[in-house]
Amino acid sequence: MDKSWSFSSRNSNSNGRQQWELGDLEEHLHERDLTSLPQVLEDVDCFLNSITTSSPQKEVPNCVVVLTKLLDYMMDKYKRSKFGQEPKFDKYFLNGVDRIFKLSNTLSLSPSCLDKTSSVLEKAMSILENDLCALLQDPKSKTNYSRPAVPPKKSSSFGSLQLQFQLQDEREIPRPNNQDHDDDDLLPTFSTENISIMNKIADVMINMGYHTECCMTFTNFRRNYFKAALRKLGQTGVRMEEVYKMQWESLEGEIATWNKVFRHCTTVLFNAERKLYESIFPNQHSVSQGMFGNLARGVIINFLNFAQAVVLTKPSPEKLFKFLDMYETLRDDVEPVVLLINDQTSSSSSSSIYPYDIEQCAKELAFEIATTKDRIVDAVMAMFSDLENNIKGDNERIPVPYGAVHPLTRYVMNYLKYTCEYKDTLEQVFEQCHCNDNNNNTVLQEGTKASTTNTQNEKNNSTIEEESEGTPNRSPFAVQLMAIMDLLDAHTERKSKLYKDSSLRCVFLMNNGRYIVQKIKGCADLHESMGDNWCRRKQFSLRLHHKNYQIDTWSKVLQCLNPDGLHQQGNKVSKQVLREKFKCFNAMLEEIHKTQSTWMVSDDQLQSELRASISALVIPAYRSFHGRFKHHLESGRHSDKYIKYHPDDIETLIDDLFVGNNTSMSRRRT
């Protein structure tokens, strides 16, 4: 080298060497002096190349001291401006920091010189860290992410059995408020320029061994922004102990919010956050992967804590649908995130400088999600068991007025209808339960025995073709449905015995049976699970109840129209007996009309079928009897006292039956 660096006043001596006096260096440092920095860096490189790790300590050349002074000057300037505002100045600074880093790692410098270089390096990293904080804290632009879309609701949860005995068939399902906030920006993002600046800062800090400080700074800011985004979406951060104390109506809303926020977090926010990490750390894949995994772990674990607290609350049937919503969220939206982390872990370098075991993170998340799903499965099983116990434990001794559909029948059938909206999920839940613990699967085992026994009793020696056509291969969930239906049938039969009137008992059984059949036929999934054979058996049972009703109610009426005993000697009609028969018929018809017009048959088709069968049975018999014998009484006094009804009046009276109110007798034909 033909130049050397000293600390005399700035001049050129006779040998042409440029010299500096220490006292004048700071005074003459201006931006134009940075043009000399490349020469300083070149001399520092020559010095670094001339030493080895085993070299003894050498005299520190002036270029090293000059470099530290130049960097001090540049760092003082960064106090008034920010990194990234002057690219050329930043380039000089980064080149100088790179040489200082190399100098601080050599053993050939004196302790005092090493202290100086380390101090300068520490100060430079502090400046970069502060500028990184400023950039992270004040993004220059924001991106409006779309608000979370609420998935189509399958059902509203049911209230307690006692309250839901009043449940209507077509209840209006409440929808959560899905109004967007006025402030649509959830996570701030950054301009391309700022991302480039942060990328340079991150690369320098990581390469200089300050990866921990860099990662902590970045992670802390992003975690805070992520928490703020979740709060904007509605996350309230309910503590686990608060969950146990909440009423179900309040907890139901929290679960709905949990599902909405969690789904949006995993499908939208995580993707945006991961892309940001990758854009700022494009050359440090393990670092970006580690920080994203750590963030995702913290967020997901927080969500899982809430879910695990919820499943520890007392199970009841009305909670089923919200629990299944949580299960679907974990299965469809959260597990893919864990798989993504795991896949990226396997593809990334094994020697990561990020101070967190991302592979362990993926394993921990997978374990926690599986544990939460298992607990939801256990809770779902408990809910079905609770539903069965509610059916078996209904000991109300007061019959339903007017033979109407029992409230428990309505509740259970609507409940099963809504469960079939989650059929695929419930199939998976029951299969998972079956695999997890066969010993605890008593519900499924009892259901299997009951359904198998009923099927065999009805089929006897039916062919394989008939079996395949009518009875599906039942899954564990279908077996559970069969078990519930068997219990409901037993419950209906038990409640029918509360009626003293055998005819009303038949109407009650028909009402409930028809309601069940219509619900099953109206739900394709439920119909598929129960099978055609079951529906045929139920229809046969309904016809049997219909026949029994006709016998119990109308057989005695028809006996009044039997001509036996009317004829005396000489084939003469006994008017006295004829009067008694008309009188008896009138009285029985009026009593039936008075009583059964208050009975309720809510199914229009069943109501029409009953009236049609009664008309077909009674009207022809009365028309024949009326036409054959009325002239024997019409010529006498008070004939209208006995012949009160024209045959067409009978049809009018029959049309009054099963409407659930008192109908006037004055509508007979005159």
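**Exercise 1. Decide whether isoleucine 391 is buried or exposed, and find its place and partners.**

Step 1. Isoleucine 391 has 1% relative accessibility, so it counts as buried. Buried means under 20% relative accessible area, exposed over 50%, and partly exposed in between (1.4 Å probe, protein chains only).

Step 2. Locate the residue. Isoleucine 391 lies in helix H13, residues 358–392. Helices (H or I, at least four residues) are DSSP runs, as are strands (E, at least two), numbered from the N terminus.

Step 3. List the partners. Set aside neighbours within four places in sequence; isoleucine 391 then contacts Leu408, Val412, Ile484, Leu487, Leu488, His491 and Arg494. Contact means heavy atoms within 4.5 Å.

Step 4. Check one partner. Histidine 491 is 100 residues away along the chain, yet the two C-alpha atoms are 6.8 Å apart.

**A note on the model.** This is a predicted model, where local features need pLDDT of at least 70, side-chain atom pairs count only at pLDDT 80 or more, and totals for chains, interfaces and linings use all residues. Residues are numbered from 1 along each chain as its sequence is written, and side-chain values use heavy atoms, with hydrogens and water left out.

**Exercise 2. Describe the backbone, place and accessibility of tyrosine 402.**

Step 1. Tyrosine 402 is not a glycine, but its phi is positive, about 65°.

Step 2. Tyrosine 402 sits in the loop between H13 and helix H14 (407–419).

Step 3. Its relative accessibility is 45%, so tyrosine 402 counts as partly exposed.

**Exercise 3. Do the same for phenylalanine 658.**

Step 1. Phenylalanine 658 has a positive phi of about 70°, and it is not a glycine.

Step 2. Phenylalanine 658 belongs to the segment after helix H25 (647–655).

Step 3. The relative accessible area of phenylalanine 658 is 0%, so this residue is buried.
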